[in-house]
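Reader: I would like to go through this model's strands and helices one by one, with the criteria behind each term stated. Please take the strand pairing before the helix packing.

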Amino acid sequence: MSLDSLPPDFAAILGQSGIIADPADMEAYLCDWRGLWRGEAMAVLRPASTDEVAACVRLCAREGIVIIPQGGNTSMVGGATPEAKPRQVVLSLARMNRVLEVDTADMTMTVEAGLVLANAQRAAEEHGALFPLSLGAEGTAMIGGLLSTNAGGNTTVRYGNARELMLGLEVVLPDGSVMNGLRRLRKDNTGYALRHLFVGAEGTLGIITRAVLRIFPAARETATALCAVPDEDTALALFRRFRAADEGAVRAFEYMSGIGMELVTRYVEGATLPLSEASPHYALVDLSASREGAGLRALMETVLEAAMEAGEVTDAALAESEAQRAAIWRLREEHPEAQKRAGASVKNDVSVPVSAVPTLIREASEACRALIPGSRPVPFGHMGDGNIHMNLQQPEAMTAEAFLARSHDIMETVNEVVRRLGGSFSAEHGVGRLKTDMMAEWRGGAELAAMRAIKAALDPKGIMNPGKVLPGDA
């Protein structure tokens with residue numbers, strides 16, 4: 001990259017203000033986390049305010065330069081990675097990382113889009129509150145990207161996706177104008193809910209710069225357990241038991257396969273199984289309450305005792321301390337890292353009705369093993385909300401290149417099961433550039449036409465993150 005590649009006044013204006021990143025630091029912005037894509041860019045722009053974002057966008061719109069908005073660059077589907085094309089810039093929100101206000105009367109938090117999720121969580125904790133969005137990349141992922149992908153995570157079963165945690169947005173539109181919708185209202189019935197257009201749009205309609213988020217009372221009592229279960233059906237039966245006992249207490253209910261757990265304990269240092277022996281399937285149960293004396297430990301023990309008598313649980317480890325609770329959660333959160341260390345994997349972020357999760361896991365695993373003999377299905381994820389990551393690990397006797405060449409076949413094999421069960425090919429990771437070819441079949445007709453009309457209306461020059469979400473958008 002060289003400033004000489006930019007229009008002269010463009011380079012002069014932004015170079016003088018310090019927005020343009022040092023060319024030596026550029027590589028990290030051009031590659032995705034998974035190492036699947038690498039693109040090119042004329043420059044990396046790092047504005048520090050909404051006004052600077054708007055100035056960058058106006059200049060790019062004038063010159064017809066494509067903008068790739070980027071937060072923590074943790075996308076699993078290449079949604080924040082530039083393509084290998086000329087005349088494009090990466091616009092990073094990393095310098096816009098402030099907590100602007102925490103209001104414990106309205107139970108809201110106003111933040112900039114570049115705030116890392118873990119820092120948002122800490123800011124809420126400092127005020128005796130909780131920002132409940134939680135996922136494996138929370139130490140890197142940023143609020144703007146999480147909203148742009150409508151991220152889910154571990155607590156969706158109780159608190160909902162990112163969309164449900166957002167009350168208002170400030171967005172820089174593709175012409176450089178600023179839509180100020182930073183309202184803290186729970187009820188605002190004044191026409192189209194425009195803020196929701198940008199949640200899940202993956203930066204194709206505008207750039208989120210600030211957000212008003214919902215916060216909640218902090219947990220004063222918790223109970224966490226790792227359970228060994230015989231099969232997928234008993235895992236779901238256990239979830240239904242906890243839901244029937246006290247639905248409001250269930251903060252998370254996660255499923256993990258025996259293969260996935262074996263990879264974590266093999267490849268992640270310090271990760272150990274707190275049970276007497278390995279199991280073919282596991283469930284992680286996490287309960288919380290905002291009041292002391294909620295009796296969650298007793299509730300956990302009562303439900304697990306009944307489940308053991310029914311043969312739904314064969315063993316269980318209850319966390320006796322915060323350190324033990326963190327260790328149990330680490331077994332779940334390290335699944336992506338363990339898979340990365342174990343070799344190549346094809347990731348399928350899919351969802352089905354909760355009642356169909358056992359069928360999904362069983363039938364998709366069987367279909368993938370039949371497609372590529374020796375491959376290892378590693379299903380895990382959010383059984384409580386129907387979102388399972390139906391990942392497939394390369395066979396030990398197969399090269400990563402040969403395995404990844406079958407990615408499309410693998411995804412289609414999983415999607416055949418998902419489609420039959422009335423599910424979705426993307427649950428929380430988004431579409432990005434990985435799954436655009438699926439949109440026409442799954443969201444075609446009037447639905448896709450409406451999306452294209454919105455894109456054309458807001459971004460007529462097509463400069464906002466082209467090649468993502470919509471098929472043929474380049």
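Reader: Which residue in β5 stands opposite Val 99?

Author: This is a predicted model, in which local features need pLDDT of at least 70 and side-chain atom pairs count only at pLDDT 80 or more, while totals for chains, interfaces and linings use all residues. Residues are numbered from 1 along each chain as its sequence is written, and side-chain values use heavy atoms, with hydrogens and water left out. β4 and β5 pair in the antiparallel sense over four bridges, where two strands count as paired if DSSP finds at least two bridges between them, and strands (E, at least two residues) and helices (H or I, at least four) are DSSP runs numbered from the N terminus. Within this pairing, the residue in β5 that stands opposite Val 99 is Val 111.

Reader: Which residue in the turn between β4 and β5 has a positive phi?

Author: β4 and β5 form a hairpin, and four residues lie between the two strands. In that turn, a positive phi of about 55° belongs to Met 107.

Reader: How many of the residues of β5 are buried?

Author: Thr 108, Thr 110 and Glu 112 point one way from β5, whereas Met 109 and Val 111 point the other way. In a regular strand, side chains alternate between the two faces of the sheet. Both sets are buried, a term that means under 20% relative accessible area, with exposed over 50% and partly exposed in between (1.4 Å probe, protein chains only). For strand β5 (residues 108–112), which is mostly covered, the number of buried residues is five of five.

Reader: What is the bridge partner of Thr 108 in β9?

Author: β5 also pairs with β9, in the antiparallel sense and over five bridges. In β9, the bridge partner of Thr 108 is Arg 214.

Reader: By what angle are neighbouring strands of the five-stranded sheet turned against each other on average?

Author: The sheet is open, its pairing is antiparallel, and its five strands have the order β4-β5-β9-β7-β8. Its edge strands, each pairing on one side only, are β4 (99–103) and β8 (178–181). With axes taken as lines fitted to C-alpha atoms (for helices over the stretch in contact) and angles running from 0 to 180 degrees between N-to-C directions, the average turn between neighbouring strands, direction ignored, is 10°.

Reader: Which residue in β9 stands opposite Glu 170?

Author: Strand β7 (residues 166–172) and strand β9 (residues 207–214) are paired in the antiparallel sense over six bridges. Opposite Glu 170 in β9 stands Arg 210.

Reader: In the open sheet of three strands, what is the bridge partner of Leu 45 in β3?

Author: This sheet has the order β1-β3-β2 and parallel pairing, and its edge strands, each pairing on one side only, are β1 (43–45) and β2 (66–70). Neighbouring strands here are turned by 30° against each other on average, direction ignored. β1 pairs with strand β3 (residues 88–92) over three bridges in the parallel sense, and the bridge partner of Leu 45 in β3 is Leu 91.

Reader: How far apart are the end C-alpha atoms of helix α11?

Author: The expected span of a helix is 1.5 Å times one less than its number of residues. For the 12 residues of helix α11 (residues 322–333) this gives 16 Å, which agrees with the separation of its end C-alpha atoms, 16 Å.

Reader: What arc do the buried residues of α11 cover around the axis?

Author: The buried residues of α11 are Arg 325, Ile 328, Trp 329, Leu 331 and Arg 332. They lie on the same side of α11, because the arc they cover around the axis, taken from the directions from the helix axis to the C-beta atoms, is only 145°.

Reader: Are α8 and α13 roughly parallel or roughly antiparallel to each other?

Author: Helix α8 (residues 232–246) and helix α13 (residues 357–371) pack with their axes 8 Å apart, at an angle of about 160°. The crossing of α8 and α13 is right-handed, meaning that the near helix is turned clockwise from the far one by less than a right angle, whereas anticlockwise would be left-handed. Angles under 35 degrees count as roughly parallel, over 145 as roughly antiparallel, 65 to 115 as roughly perpendicular and the rest as oblique. α8 and α13 are therefore roughly antiparallel.
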